[in-house]
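Okay, everyone, thanks for squeezing me in. I'll walk you through one chain today, so have a look at the screen first.

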Amino acid sequence: MISKPSRHCTVELQALPSRIGQVRRIVSAQLRYWHLDFLIDRAALGVTELLTNVHRHAEPDKLCTVEIELLLDRLTVSVRDNDPRLPVVQDAEPSATCGRGLAMVAAVSESWGARPHGDSGKVVWFTLPAHAEPVALPKRSRYATSHRPAARRRSRAEHAPARSAVAG
């Protein structure tokens, strides 16, 4: 179930691998709708990691709720489940194949945390700044050359012939 389009979106699901991909697409679509395309990668990575933790660790069931909320200049993504155990950031060994999810959430977010919810559940959340950071473009020298390899450069006389998109 998805709430009405606004500055708040809620999705309830079983945290199963196939559903995690669907929620990632829903979050991406909602951020596009809010014109926050620049947050899609970080929000999708964060929600994927939180849902994967529910899938792997939550008991007694995998039922959870994902909420994304835009307030002022802050996007908050939260996952609520029915397991009261709060997550702990682990120091994963370099060769470990898991155990880095919360560290990745911490790395891509502005802040994150976990809190108890009711008698038998928790909420794990992270925030992202919802204002586009200016991207500094490299200054070009007036003597800059093409970035294409020499083998792919063509002189003016060697341009490919023009092609028409109209049949005939």
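Before I get going, one bit of bookkeeping: when I say two strands pair, I mean that DSSP finds at least two bridges between them. With that in hand, take β4 and β5, the latter being residues 122-129: they pair in the antiparallel sense over 6 bridges. If you want a spot to click on, A114 stands opposite V124 in β5.

Now, please keep in mind that this is a predicted model. The average pLDDT for the chain is 81, and 73% of the residues score at least 70. Among the elements, the mean is lowest in α3, at 90, and highest in β5, at 97. Residues 143-168 are another story: the pLDDT there is below 50, and beyond near neighbours in sequence this stretch has 4 contacts in the model. I'll leave that stretch alone from here on.

So, the overall layout. The chain has 3 helices and 5 strands. Reading from the N terminus, the elements go β-α-α-β-β-α-β-β. Of the contacts with a separation of 6 or more, 60% are between residues 24 or more positions apart.

Let's do the sheet. In what order do the 5 strands sit in the open sheet? The order is β1-β2-β3-β5-β4, with antiparallel pairing. That puts β1, residues 8-14, and β4, residues 111-116, at the edges, each pairing on one side only. On average, neighbouring strands are turned by 15 degrees against each other, ignoring direction. And as a quick reminder, strands of a sheet pair through backbone hydrogen bonds.

Going across from the β1 side, β1 and β2 run antiparallel and are joined by 7 bridges. There, L13 stands opposite C64 in β2. Next, β2 and β3, also antiparallel, are joined by 8 bridges, and V66 stands opposite V79 in β3. Hang on to L13, C64, V66 and V79, please; they'll come back in a minute.

The hairpin of β2 and β3 has 2 residues between the strands, and L72 takes a positive phi near 55 degrees there. D73 is in that loop between β2 and β3 as well. Is D73 far along the chain from A130, and how far apart are their C-alpha atoms? They're 57 residues apart along the chain, yet the C-alpha atoms are separated by 4.7 Å. Leaving out residues up to four places away in sequence, D73 touches L128, P129, A130 and H131. D73 counts as partly exposed, because its relative accessible area is 34% and the partly exposed class lies between 20% and 50%.

Compare another aspartate, D83, in the loop between β3 and α3. Buried or exposed? D83 is buried, because its relative accessible area is 3% and the cut-off for buried is under 20%. With the same sequence neighbours left out, D83 touches H57, A58, E59, S120, G121 and K122.

On to the helices. Helix α1, residues 17-33, lies across β1, β2 and β3, and runs at about 175 degrees to β1. Then there's α2, with 18 residues: from first C-alpha to last it reaches 25 Å, close to the 26 Å expected. Its buried residues are I40, A43, A44, G46, V47, T48, E49, L50, L51 and V54. Note that E49 is on that list of buried residues. What do the buried residues of α2 pack against? They pack against β1, α1, β2, β3, α3 and β5.

That brings us to the core. The largest nonpolar core has 31 residues, and the ones touching the most other members are V23, L31, V47, L51, L75 and V79. The elements giving two or more residues to this core are β1, α1, α2, β2, β3, α3 and β5. The largest share, 6 residues, comes from α2. For the whole chain, buried residues make up 31% of the 168 residues.

Here's where those sheet residues return. Not counting residues up to four places away in sequence, L51 touches L13, A15, I20, V23, C64, V66 and V79. So if you zoom in on one side chain this afternoon, I'd pick L51, with L13 and C64 among its contacts.

That's me done. Questions?

Notes
Residues are numbered from 1 along each chain as its sequence is written. This is a predicted model: local features need pLDDT of at least 70, side-chain atom pairs count only at pLDDT 80 or more; totals for chains, interfaces and linings use all residues. Side-chain values use heavy atoms; hydrogens and water are left out. Helices (H or I, at least four residues) and strands (E, at least two) are DSSP runs, numbered from the N terminus. Axes are lines fitted to C-alpha atoms, for helices over the stretch in contact, and angles run from 0 to 180 degrees between N-to-C directions. Contact means heavy atoms within 4.5 Å. A nonpolar core is a set of buried Ala, Val, Leu, Ile, Met, Phe, Trp, Tyr and Cys residues joined through side-chain atoms within 4.5 Å. Buried means under 20% relative accessible area, exposed over 50%, partly exposed in between (1.4 Å probe, protein chains only). The expected span of a helix is 1.5 Å times one less than its number of residues. pLDDT is the predictor's confidence in each residue, from 0 to 100.
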